[in-house]
Amino acid sequence: MRRPLLARAVIAWLTFAVASHAASSGSGQRPAAAGEIVPAAERVLEATGWREHRTRATDKNLGVDESTSAGRPSTLGPKIPDAMRADLKPMLDARVATDLGQAKALRGEAIDLLERFIDEAPASSRDMPEALVRLGELEWELAREDFTRRFQVWDKQPVDQRGPAPELDERRARALFGRVLRDYPSFDQTDLALYVDGFLAYEQGNEEEAVDRFERILHDYPTSRFTADAHMAKAESIFNASYDYSAALTEYEKVLAFKDRIDPSLYGLALFKSAWCYWRLGHNEEATKRFVGVFAATEANAGPRPVGASERRQLDELQTEALKYVVQVFSEDEKNTAHDLYLFLSKIGGQRFSGKIVRALAQQFYDQAHYERGIEAYELLLDLEPTSPEAGRWVLQIASGYDAVEDWPHVRATFERAIAQYTTGGPWSRTQADTANVAATTASIERSLRDEATSLHAKAQHDKTSIAEFSGAAAMYDTYLSKFAREPKAYQVHFDLAEIDFFRLDHNLDAATHYVAAARAIPSREGDPALATMRHDALYNALVALSRAMQSHAAIPNQSAATGAAPVSMGSGGGDSAADRNAGREAFARISDAYAEALDLYAQFYPHDPELPAMFYRQGRYDFDNGHYDAAVKIWGMLVEKFPSSAPARDAGDSILESFNRAQNYENIETWARRLKALPAFGAPKAQERLDALIVVAVFKQGEQKAQAGDHAAAAAAYLHAASEFPGDARAAQACVNAEQEAKAAGDVRMLREAAQLAMGARYAGRPESPVGAWIATTTFQAMGLFASAADVAESMTALGDRQHPNYEKFEHEKDAAYNAVVLREAMGEHARALADGAKFVATYSSAPEVDEVVFQMGRAQQDAGHPGDAAELYRRFLSRTRSVDHRLQGLVLLAQVSLKLGDEHRAENALEEAIRLGKQHGHDLDAGGKTAVAHARYMQGERVVASFDRIQIQGDVKQLKARLKQKTQLLKSAAKVFLDCVGFGVAEWTTAALYQIGRMYETFAKALRESPPPPEIHNDDQRADYQSQVEEFAVPMEERSLDAYENGWKKAIDLGIYNEWTAKMREALGRLNTEIYPPFRETGFEIRSEGPMAMPALMDVPDRPGAAP
Amino acid sequence: LKGRSKTVLVLVLTVTAACGGARTGTPAEHPSVVTRSAPANPAATAKMAQGIQSAKEGKLELATVLLRDAVTSDGNLWQARYDLGVILANRGDLAGAEDELARASAASPDNQDVAMALAEVRGRRGEYGTAAKGIGEFVAAHPSATAARTLYVGALRESGQIDESIAQATEVLVRKPGDPTALAELSLAHLAKGEKDAAALLAKQAVDANPNAAVAHRATGLLDLANGDDAAAFAEFRKAAQADPRDTTSRSNMGVVLLRAGACVLAEAQYREILRILPDDQEAQVGLAAALRGQGDAQHPQKYDEARAVLERVVDLDPHDTSALFNLGVLYADFLKRPAQSAPLFKRFLEEAASDQPLRSDAERYLSAANAATIPNGHPRLPSTQPGATEQK
């Protein structure tokens, strides 16, 4: 297959361009730095004529050069496959040769026989005229064959040696026909002889003789089967000889009169020629009608009988001619459009031929350079046959038409339409059964569009000044890529588009994008220098384009930069508004990212380019100097990763850190410092040391930053991380403390615990920050209600408070921690640990004022643990050393309590006596605790009297009753005295309790009297009544005293505003003793509660929701 | 305990008066999830606005009607349903309130106000388990909603789930170390568990954290009560009431202490203060009636009538209130000397009261006595005794 001219041209151009560029770039020209590099030269597409490219390529792409314009093949039905045909050809040729040989032999034999008959038979023989006719026919054949042979011989000779051209010698044949016409006038086939002889005369150029023969047929044999042919021959003679179209038309009309009796080919030819005549006579409409009539006449089933292949071919040729002339006739009038033709065909009932005719018309318009009318014709075709298999090609023809008139927007629009509708997957393709045709159409569109764009690109280069053409070409490349970006040759389109963007339109970013795409897509075929050069140029120019783009945005400073010199303005960067600046920065960032990508790609393809590290570094520096730190870091990061051993890598690493430092991005400083540590460029001990220091600072700064931002959990993690990893740093201990504070704020108990453990651990226990951290931890746990954790930390603090840890020993809250440990353990019911903590506290802080409280706590712990003896011992030791009177009083009461529990009445009494003595001695100097203790002690003394009182039973030996009653009365008085004495201390609780006890003693005494069984000597009711009377004499006064005591006590409590259980008990007793005045309280429904009803939350406003239509 | 934080956290509870103002219902500590709602029916929102205005003007009955209209017009207007629930709760219709708030909660499951209001109403109905379950689900979905979690702590404690209550209170404290409310709640949980020492330490921490925190003083008072120190408890309750005049729980507890001590005048004052804040608090009304009855005597018979009126209102509003039924029966039987009128009350009490209610035997005794005092034709006999004397004041 021949290579399209355009393709050859492109290849030639490529070769030329590659060679020329290799010459220019081979000197090591590289993108030295942004803004400094010189791009690879633009490739020139005008090595060959652009117009030729386009036209021929379009024709080829449309497939019109081989089949469509030549019409359809005449052979119908199944064909012999080409392979089989090739195999059979020698056999077929041999067979044909054999047959022809046999035919010639038979013909020679027939001629011999007929000549012998004519020579030997008498002239009057009845068969003579027929023999003459048959021999004439064979001689005619022989003459034609001989002429053909002689012509071939003549034709093979050199022109200058040929001599006159051989002529057809039909004299022998004509002589035989002439003899028949002359000698046998009554021969029944004279009309045949006349017709053949006339035909031969016509072939010999003897038209007069020919006309004479045909006229004789018409005159002498009006019903001959050759009448129509004779009219036809006559008409042709007139038509060709005299150009008397009117006369010829008359004869043609006579032929046409035999419509149903003659062959379709004759009828069709007559009709065709009649149309010609009308055309020449200026009757275009009738001419067109007849030309169209030829279509009907030459249709496959038009005639009265089936036609053979040869005749069919003739009919097809006639139809083709008719079509040609229909179009010609119609297009003569420049006002006629395809639509007019369609209307005309509709009018004459020829719509079914409209497609065929409009196709031809469209082609005719194009051939006549009437592109607008051709486009309209193709558009009409698309309307008439939207699902035609050829529809895609028609669209391409339309594009070609627009191309011809250089209407680039329409070219692009047409290709967009072709892509959208006539490629695989489009609406047209879904109507097609022939997938191969769809694929071929798609391929045609792809090829045409590519060629179209390339051609326009070449033209633009040729014209040099037309930006519109470059823009048009770029637009078409874009259109191409919108659909065919994955085509194998798309890289070429990317490249060419990039060239336009870069060299012609100043679209640097777009250019870079397409250069990079091209570089990625260029096939990596080994040993193809053209492609290698193209890739190199693509990447090279991409970098240059991006450099230029960056320069145009460099004037926008990066506001995220914390410090740094103001960037130098290097171009127009947009407006002054904040939005403009933001947009500018974003644009720069995008360009910078693209640059990094391109450079990365460059490095992938040309990793050994010694200039690469420097290129990376310079670009990073450029970004950095313009305040675009993110971009700088990205590209430097690539440098460090790709060329870790290079000298620029070290500078890049330092610059990265500097960049993050300016941006105060400590997280990245840490990350990068760690990465840099592993690089050979930073392998020197000093460099490692410096990086370590940087990491520490960064980690600490992260904590500060996150804390300031309110991200306490992250801050805690950062501080903890710093403290864990860098224990040797001076700030590490403080980091623990900070971690605790941040964990507290974050509510992260686990982190708090971890930080506290770290702070108190071996690494930091000697640091002054350690106890601070521990104290924060224990108080925080305490505030969280996590007493166990709080106590653990407090105990740990206490354990650390030794000489080995002077910072703990001297810590201001060390004692508080020890104290808290006791309280917390006791609160949790961990008595043993509370006692241990207490003992340690007392031993460590023996002179501290808190010791007394600790001892009390320990005493309680001992009691709660079921060790009253130990508690008593503890209190005794306490009393021996405490100097506070108030505390001594409290200790004495506690000692009395445990002594009573131990059954040691004596010790209890002594303790209480001592308490009363001290209380009375120090009277007004006592604090509330001391006063309460004294009152309590006095009350306990009263209770002890009451206990003695209760132990004396009234019932028993009557003889001793009086003594018992006396004793009981004595005790009652004593108790009342003690309780009244207790009231004198003015402590509310014990006052009301004492008053109640007084009343209760009288009440129980009266009750006991009444309930005591009568003595045995009482036998009758009188005695019993007398006894009861005597008892009442004692009991009633007792009860009255009881009532008085309760009433006075209750009133006093109410007066004093003392509302406690004793007040309630007194009121309850009053209800018992005097229901009339003090009715008992029987109501229910009010209980002490821990959780009562809260006020309901506030009402909500009407929601702010869009209202629906009412 | 040493080393307490010097920081004073002022707990701002969003317990503004139900009718005192309106807001949008945005949770204070948890961002509401904005759900796309259908456009509100303008007619419904108009009714809702009128309802809110009526509530602000104290016309709660009219507000109820208007808000019912609003939710009928627009079933998706959960804000109106919430408002209706709040007003019904404030009017004492706790069952109706729970129903509306439950539906509002279903429509707006992320709103803290709704969740808390529902839990509050359930608590008032004694449904602490249900309250805990509901508010617990909200807290699980909104872990940072500490106000709701604090309410959850109380509900858990009241429903007997002490350990979980402690765990949740600790969870609040982890998020808000030293929060006096949470410390107090944790204290009460430990107290409920019998761990008085831990409770005492926590209560002290709560008071130290915020001496003006009513809940801290209330917890301390309860601890004092548990330790038998009623006077100290009363003092703490008083401090709580001073710190937060709207702390009706402390006032109620003071009322109980005063009633037990026989200080009925003072008890009446406390209950009246509660009823000023929560006009339909049934327990306060029962307490008030007791305080009034305690002041009644021959010279002050109107006190009995006042007590009767209060109790009858409670019974009218909630016919199942066994305390009001019993106390009204006692009032009729012992003080108004109209045993015939006490009989149906004791009868109803026996029908309503639980089988293990300790006052059942008293009620049966009263009922028996009342029946004996009633002639066969059903007319009550004339009282045979005069009303008794009252306490001295």
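Which residues have the most contacts inside the largest nonpolar core? The legends below address this question and then turn to other views of the predicted model.

**Figure 1. The largest nonpolar core of the predicted model.** This core has 227 residues. The residues with the most contacts inside it are F616(A), W636(A) and Y271(B). Helix α24 of chain A, which spans residues 529-553, gives the most to this core, contributing twelve residues.

**Figure 2. The surroundings of W636(A).** When neighbours within four places in sequence are left aside, W636(A) is in contact with F616(A), Y617(A), G620(A), R621(A) and F624(A). W636(A) is also in contact with A652(A), S655(A) and I656(A). Both W636(A) and F616(A) are among the residues with the most contacts inside the largest nonpolar core.

**Figure 3. A second nonpolar core, separate from the largest one.** This second core comprises 86 residues. Among them are Y252(A), V294(A), L341(A) and F365(A).

**Figure 4. The fold of chain A.** Chain A contains 47 helices and one strand. Of its 1110 residues, 49% are buried. Among the contacts in chain A that link residues at least 6 apart in sequence, 63% join residues at least 24 apart.

**Figure 5. The interface of chain A and chain B.** Together the two chains bury about 7200 Å², and 60% of this area lies on carbon and sulfur atoms. In chain A, the residues that lose the most area to chain B are M1096(A), L1099(A) and M1100(A), which together account for 13% of what that side buries. The contact involves 64 residues from chain A and 105 residues from chain B.

**Figure 6. Polar contacts and salt bridges across the interface of chain A and chain B.** Four salt bridges are found across this interface. One salt bridge joins the side chains of E283(B) and R1089(A), with a nitrogen-to-oxygen distance of 2.7 Å. In addition, 16 residue pairs, with both residues at pLDDT 80 or more, are in polar contact across the interface.

**Figure 7. The side of chain A that touches chain B.** Elements that each supply at least two residues to this side include helices α34 (769-783), α39 (850-864), α46 (1021-1056) and α47 (1061-1073), together with strand β1 (1099-1100). Helix α37 (814-827) also belongs to this group, and α37(A) provides the largest share, seven residues. By residue class, the side of chain A that touches chain B divides into 33 nonpolar, twelve polar and 19 charged residues.

Terms used
Residues numbered from 1 in each chain as written. Chains lettered and ligands numbered in written order. Predicted model: local features only at pLDDT ≥ 70, side-chain atom pairs only at ≥ 80, totals over all residues. Heavy atoms only, no water. Contact = heavy atoms within 4.5 Å. Buried area = accessible area lost by both parts, 1.4 Å probe. Polar contact = N/O pair within 3.5 Å; in protein donor to acceptor, adjacent residues only side chain to side chain. Helix = DSSP H or I, 4+ residues; strand = E, 2+ residues; numbered from the N terminus. Nonpolar A, V, L, I, M, F, W, Y, C, P; charged D, E, K, R; others polar. Core = buried A, V, L, I, M, F, W, Y, C linked by side-chain atoms within 4.5 Å. Buried < 20%, exposed > 50% of the residue type's maximum accessible area, 1.4 Å probe, protein only.
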